[in-house]
Amino acid sequence: PNYKSSLMVGGAGTAKTSTALMYTSHFDPLEHLVKRVNFSSATTPNGLQKTIESEVERKTGKTFCPPGGKLMTVFLDDMAMPLVNEWGDQITLEITRQLIE
């Protein structure tokens, strides 16, 4: 694949979000789409899917891409926030993993 995933870790208040936003602010908006998704305990897999799908278009079959042939960066903020179910899973993170793969 021609994408790169990154995970920024650190304690609360260590400027992870600010750093990511400063980095993505240098992207040319005519060539690069940036989507920021803030996770919370109310974030659901369906909500995440709808959020991502609202920014992409279907090419063929199951292939989706950003409109206009642009590149796209998805910034997922507060990934540890989604609700943990009774089995100890965070199902919103499972759909996130599937999106990345």
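## A walk around the predicted model

Start with the whole surface switched on: the protein exposes about 7,600 Å², and carbon and sulfur atoms supply 57% of that area. Keep in mind that this is a predicted model.

Now drop the surface and show the C-alpha trace. Along its principal axes the trace spans about 40 × 35 × 25 Å. Switch to cartoon and you'll find three helices and four strands. Walking from the N terminus, the elements run α-β-α-β-β-β-α. If you like contact maps, try one here: among contacts between residues at least 6 apart in sequence, 57% join residues at least 24 apart.

Next, colour by charge. There are 10 positive and 11 negative side chains, and the centres of the two sets lie 4 Å apart.

Time to go inside. Of the 101 residues, 18% count as buried. Which residues make up the largest nonpolar core? Select Val-37, Phe-39, Leu-48, Ile-52 and Leu-76, and you have all five. As background, nonpolar side chains in soluble globular proteins tend to be buried together.

Stay on Leu-48 and pull up its contacts, ignoring neighbours within four places in sequence. Val-37, Phe-39 and Leu-76 are among them, and these three also belong to the core you just selected. The other contacts of Leu-48 are Thr-92, Ile-95 and Thr-96.

Now for some backbone oddities. Most residues other than glycine have a negative phi. Go to Ala-15, in the segment before helix 1 (16-24). Its phi is positive, about 70°, although Ala-15 is not a glycine. How much of Ala-15 is open to a probe? The residue is partly exposed, with a relative accessible area of 40%.

Then jump to Asp-78, in the loop between strand 4 (71-77) and helix 3 (91-100). Asp-78 also has a positive phi, near 60°, and is not a glycine either. Like Ala-15, which is partly exposed, Asp-78 is partly exposed, here with a relative accessible area of 44%.

Last stop: the rings. The count of aromatic pairs comes to one. Select Tyr-23 and Phe-27, whose rings sit edge-to-face, 5.4 Å centre to centre with 80° between the planes. That angle is called edge-to-face because the planes are over 60 degrees apart. Is Tyr-23 buried or exposed? Tyr-23 counts as exposed, because its relative accessibility of 58% is over the 50% cut-off.

Key:
Residues are numbered from 1 along each chain as its sequence is written. Side-chain values use heavy atoms; hydrogens and water are left out. A nonpolar core is a set of buried Ala, Val, Leu, Ile, Met, Phe, Trp, Tyr and Cys residues joined through side-chain atoms within 4.5 Å. Buried means under 20% relative accessible area, exposed over 50%, partly exposed in between (1.4 Å probe, protein chains only). Contact means heavy atoms within 4.5 Å. Helices (H or I, at least four residues) and strands (E, at least two) are DSSP runs, numbered from the N terminus. Accessible areas come from the Shrake-Rupley method with a 1.4 Å probe; for residues, only the protein chains shown count as cover. Lys and Arg count as positive and Asp and Glu as negative; His and the chain ends are not counted. The place of a charge is taken as NZ of Lys, CZ of Arg, CG of Asp or CD of Glu. Rings of Phe, Tyr and Trp (its six-membered ring) pair if their centres lie within 6.5 Å; planes under 30 degrees apart count as stacked, over 60 as edge-to-face and the rest as tilted.
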